[in-house]
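Student: Got a minute to go through this one with me? I'd like to start with how the helices pack and then get to the DNA.

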Protein chains: 2
Amino acid sequence: MAEVTATLSIGQVAERTGLSVHALRFYEQQGVFVSPVRRGPGGRRVYSQDDVDWLTVCIILRASGMPLPALRRYADLVREGAGNEEERLTLMREHHERVTTQLGQLTQCLDLITFKVGVYEDLLDQERREAGPDQRRPSVDGDVPAFRPGTSA
Amino acid sequence: MAEVTATLSIGQVAERTGLSVHALRFYEQQGVFVSPVRRGPGGRRVYSQDDVDWLTVCIILRASGMPLPALRRYADLVREGAGNEEERLTLMREHHERVTTQLGQLTQCLDLITFKVGVYEDLLDQERREAGPDQRRPSVDGDVPAFRPGTSA
DNA sequence: GGTTGATCTAGAGCTGACTCTAGCTCCTAG
DNA sequence: CTAGGAGCTAGAGTCAGCTCTAGATCAACC
């Protein structure tokens, strides 16, 4: 047992995960950790590499919009141990769907932005080409040509 | 002038945009509309098709995480009329960046999920193949094999 | 005339995810 | 021995983005 499983303080974990110490305590209180965070002398939290690994997963899932309750649910299942893989699968598949939906929306948005950016670039280009400084058209009503969703390259 | 530019009540707009009437009033108060929403008899809001079109754009931008203040800023620029295309371009490019960043994160998350789903599917598959009902292994500590970011197909 | 039902305004309330504060305990260095 | 810094707990505060409520108005139908 010469394994010195590096233990980390809350500050160190904050530093290497990018979460704040506040957030770490908050996550703990929310039951996001698989194993209860151990305590060292003086009641201080002691984190293991496993904790950090788990947090890394949590951070990715959070970044993709998984709500904390779902994260807790997942942690609960993992904590329970083998035998509930179906539930974990369900949870992951649900999130998979959320994420793909989101990807769709983002892509649609990217279409829109690309379209708008193109329009404005053309406009500015044209302006520049057309004449020297100070040449203003009567103002296009509202916004440039309407974006028709699905009209992207 | 035989153009009967269909006018819509707040309820109708809510219905066809999917926003709540509350949200519509809130957006208006937040200055998200390009032209002030007109009022009909009795002070009731009267929306035009243009308003709905604009809302459609707003909804897409919101869905991709553009904050309301940015939306307002954009509306301000459009309201001002031609001449500020550079600013609009900047705004859009900024959002473009946010969106691509987000797309990256989501993709990373999708990798993770796909990996986990694969693991659980294999596990369940194996279990099913291995024997009839009730056969439980001593419990895999923590979670299945760690996910190494960037290990996806 | 009475009752819906949609709207209106102003403002309070809610949710999620943190973030911050106060007051206290430790540990370490000078 | 004391000063500083990191940590602790409990709980309050914040922010975005809505959502809901109350109390009033108004048009339309029975």
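Tutor: Sure. One convention to begin with: angles under 35 degrees count as roughly parallel, over 145 as roughly antiparallel, 65 to 115 as roughly perpendicular and the rest as oblique. Also keep in mind that this is a predicted model.

Student: OK, so at what angle do α3 of chain A and α5 of chain B pack?

Tutor: About 125°, with the axes 8 Å apart. Here α3 covers residues 49–63 of chain A, and α5 covers residues 85–130 of chain B. That angle is in none of the named ranges, so α3(A) and α5(B) count as oblique to each other.

Student: Is the crossing of α3(A) and α5(B) left-handed or right-handed?

Tutor: Left-handed.

Student: And which residues make the contact?

Tutor: From α3(A) you have A:Val57, A:Ile60, A:Leu61 and A:Ala63. On the α5(B) side they are B:Gln105, B:Gln108, B:Cys109, B:Leu112 and B:Ile113. By class, that contact has seven nonpolar residues, two polar and no charged.

Student: Switching to the DNA. Which residues come nearest to strand C?

Tutor: There are 17 residues around DNA strand C, and A:Tyr27, B:Ser9, B:Arg25, B:Arg44 and B:Arg45 come nearest.

Student: What do B:Ser9, B:Arg44 and B:Arg45 touch there?

Tutor: B:Ser9 has a polar side-chain atom 2.8 Å from a phosphate oxygen of strand C. B:Arg45 uses a polar backbone atom, 2.6 Å from a phosphate oxygen. B:Arg44 goes to a base: an N or O atom of its side chain is 2.9 Å from a base nitrogen.

Student: Which elements give two or more residues to that surface?

Tutor: α2 (21–29) and α4 (68–80) of chain A, plus α1 (10–17) of chain B. α2(A) gives the most, with three residues.

Student: How much of what the protein meets on strand C is sugar or phosphate?

Tutor: Of the strand C atoms within 4 Å of the protein, 70% belong to sugar or phosphate, and the rest to bases.

Student: Now strand D. What's closest there?

Tutor: A:Gly11, A:Arg25, A:Arg44, A:Arg45 and B:Tyr27, out of 17 residues that surround strand D.

Student: Which polar contacts go to its phosphate oxygens?

Tutor: Among them, the side chain of A:Ser9 has an N or O atom at 3.0 Å, a backbone N or O atom of A:Arg45 lies at 2.6 Å, and a polar side-chain atom of B:Ser20 lies at 3.3 Å.

Student: And which element has the largest share of the surface near strand D?

Tutor: α2(B), with three residues. By class, that surface divides into six nonpolar, five polar and six charged residues.

Methods. Residues are numbered from 1 along each chain as its sequence is written. Chains are lettered from A and ligands numbered from 1 in the order in which they are written. This is a predicted model: local features need pLDDT of at least 70, side-chain atom pairs count only at pLDDT 80 or more; totals for chains, interfaces and linings use all residues. Side-chain values use heavy atoms; hydrogens and water are left out. A residue is near a molecule or strand if one of its heavy atoms lies within 4 Å of it. A polar contact is a pair of N or O atoms within 3.5 Å; within protein, one must be able to donate a hydrogen and the other to accept it, and residues adjacent in sequence count only if both atoms are side-chain atoms. Helices (H or I, at least four residues) and strands (E, at least two) are DSSP runs, numbered from the N terminus. Axes are lines fitted to C-alpha atoms, for helices over the stretch in contact, and angles run from 0 to 180 degrees between N-to-C directions. A crossing is left-handed if the near helix is turned anticlockwise from the far one by less than a right angle, and right-handed if clockwise. Contact means heavy atoms within 4.5 Å. Ala, Val, Leu, Ile, Met, Phe, Trp, Tyr, Cys and Pro count as nonpolar, Asp, Glu, Lys and Arg as charged, and the others, Gly among them, as polar.
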